[in-house]
Amino acid sequence: MRTVKFGIIGCGLMGREFASCAARWCHLIDVDFRPEIVSICDMNENLWGWYKDHFPSIKQTTKDYKELLANKDVEAVYCAIPHHLHQQFYCDIIQAGKHLMGEKPFGIDKPANDAILACVKEHPNVFVRCSSEFPFYPAAQKICDMIEKNAFGQIIEVNSGYLHSSDLDPNKPINWKRMIEINGEYGCMGDLGMHACHIPIRAGWFPKNVRALLTKIIKQRPDGKGGIVPCKTWDNATLACEAVDPNSGEKFPLTIKTFRIDPGEKNTWMIEIKGSKASVKFSTKQPKTLWLMEYTGGEQIWQQIDMGNDLAFKTITGGIFEIAFSDAVFQMWAAFLYELTHGKPIKKFAGCITPDEVALTHHLFTASLESHKNESVVKL
Ligand SMILES: NC(=O)c1ccc[n+]([C@@H]2O[C@H](COP(=O)([O-])OP(=O)(O)OC[C@H]3O[C@@H](n4cnc5c(N)ncnc54)[C@H](O)[C@@H]3O)[C@@H](O)[C@H]2O)c1
């Protein structure tokens with residue numbers, strides 16, 4: 001068993017999700033690697049207690065990430081911090097020779113992402129990946145297997161999206177995810193777009209052009225201190241793109257939707273592929289249901305398949321049970337460690353996002369800002 005010693009920078013929402021995976025690593029079977037958390041860093045000391053209570057392996061707690069990077073025991077870092085800090089922190093992590101799982105959007109904007117990419121290229125021995133867990137749902141993995149087998153025939157249309165209603169309440173106080181200087185000008189695209197782009201990009205369906213429709217629905221919010229402040233980030237984005245099917249060479253419409261205000265959608269990741277031989281629909285609203293239609297002539301019949309627990313990395317959970325968000329995060333971490341220790345993903349679509357794939361998303365989101373501003377189609 002190879003143990004990879006981790007430091008966590010950013011002990012908030014996502015830092016705890018990773019720590020929880022590490023705590024129940026025995027849930028996985030047939031793996032020859034495991035993470036061990038040895039160091040944590042967060043400005044907010046109040047977050048340290050939960051980690052210290054549950055992880056006796058943690059020997060260092062600090063507010064200064066450079067102390068964590070100076071720790072020789074730390075081999076890899078999970079960095080889950082606000083977007084305006086990504087460039088500085090990610091570059092410093094890579095330059096310190098630590099492997100990195102970084103959070104999206106991997107730089108607040110394209111110049112920040114370009115700088116991170118330059119560091120990655122200068123340090124080829126450092127393993128760097130970006131987090132994105134939704135393709136690890138069993139139904140999504142089945143769709144990915146179908147992509148690999150060219151089961152769709154000619155691609156007719158692909159719709160991919162990540163839809164929230166977290167910000168529907170106008171009285172919700174502003175937090176950093178709604179502040180342009182911390183979250184970035186991409187707004188909802190930076191927040192949610194990596195999730196919606198992951199499968200299309202790995203499938204090779206990168207947009208050739210984009211017409212973006214961006215909306216700011218709630219333009220001011222309470223500041224949580226009795227005042228009202230402007231809320232300048234984009235709430236919702238619809239990216240209407242054209243992509244090329246690598247098999248047929250034909251163009252097809254690809255829409256990528258990232259909504260922070262979509263009434264009725266609490267937290268929905270979805271993908272829909274329409275092809276001449278097969279079509280599929282999956283949404284995390286119905287986490288075990290895959291809709292599949294195979295067309296060989298005759299009637300067009302949608303089949304509803306219960307996917308159960310058929311995962312890329314096997315677990316102790318019986319095959320008939322359902323998956324949830326935290327299981328998908330767990331699978332993503334198994335994929336990160338598998339690729340780090342084995343040198344390649346266990347299968348094409350069971351790998352975390354690569355730096356080059358991240359760069360494509362920045363290209364798309366930057367073009368989308370331009371498209372919306374000029375009301376034009378932007379070539380990519
Ligand atoms: N993969 C996913 O599904 C997913 C979900 C939510 C957020 N995210 C991403 O994760 C990252 C963090 O988001 P979050 O929701 O965990 O945020 P969060 O606000 O819950 O946590 C961020 C933490 O960073 C800490 N921090 C801020 N400045 C720091 C500094 N200088 N040094 C050390 N710590 C510092 C904060 O104190 C906070 O605890 C973002 O990039 C976000 O886009 C990913």
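Two strands count as paired when DSSP finds at least two bridges between them. With that in hand, the sheet of this predicted model can be followed strand by strand.

A good place to start is strand 13, which covers residues 267-275. On one side, strand 13 is joined to strand 7 (residues 155-164) by nine bridges, and the two run antiparallel. Within this pairing, E157 stands opposite K274 of strand 13. Strand 13 is also linked to strand 14 (residues 278-283), again in antiparallel fashion, through five bridges. Here I273 faces V280 of strand 14, and a hairpin of two residues carries the chain from strand 13 into strand 14. Strand 14 in turn pairs antiparallel with strand 15 (residues 289-294) by four bridges. V280 appears once more in this pairing, standing opposite L292 of strand 15.

Stepping back, these strands belong to an open sheet of nine strands, arranged in the order 16-15-14-13-7-12-11-8-17 with mixed pairing. The edges are taken by strand 16 (303-306) and strand 17 (378-379); each has a single partner strand, so one side of each is left without a neighbour in the sheet.

Two helices lie across parts of this sheet. Helix 6 (residues 138-148) crosses strand 13, strand 14 and strand 15, at about 155 degrees to strand 14. Helix 8 (residues 188-202) lies across strand 7, strand 11 (236-244), strand 12 (251-259) and strand 13, and runs at about 145 degrees to strand 12.

On the scale of the whole protein, the domain assignment gives domain 1 as 2-130 and domain 2 as 134-319 together with 354-379. Taken over C-alpha atoms, the centres of domain 1 and domain 2 are 26 Å apart. Their contact draws 21 residues from domain 1 and 19 residues from domain 2. On the domain 1 side, helix 5 (110-122) and strand 6 (128-130) each provide at least two of the touching residues, with helix 5 giving the most, at four residues. By class, the residues on this side of domain 1 comprise 11 nonpolar, five polar and five charged.

Finally, there is the surroundings of the ligand. The ligand is surrounded by 22 residues, of which G10, G12, L13, M14 and E103 are the closest. Sorted by class, this shell holds 12 nonpolar residues, along with five polar and five charged ones.

Note on methods. Residues are numbered from 1 along each chain as its sequence is written. This is a predicted model: local features need pLDDT of at least 70, side-chain atom pairs count only at pLDDT 80 or more; totals for chains, interfaces and linings use all residues. A residue is near a molecule or strand if its C-beta atom, placed from the backbone, lies within 6 Å of it. Ala, Val, Leu, Ile, Met, Phe, Trp, Tyr, Cys and Pro count as nonpolar, Asp, Glu, Lys and Arg as charged, and the others, Gly among them, as polar. Domain bounds come from an automatic or database domain assignment. Two residues are in contact if their C-beta atoms, placed from the backbone, lie within 7 Å. Axes are lines fitted to C-alpha atoms, for helices over the stretch in contact, and angles run from 0 to 180 degrees between N-to-C directions.
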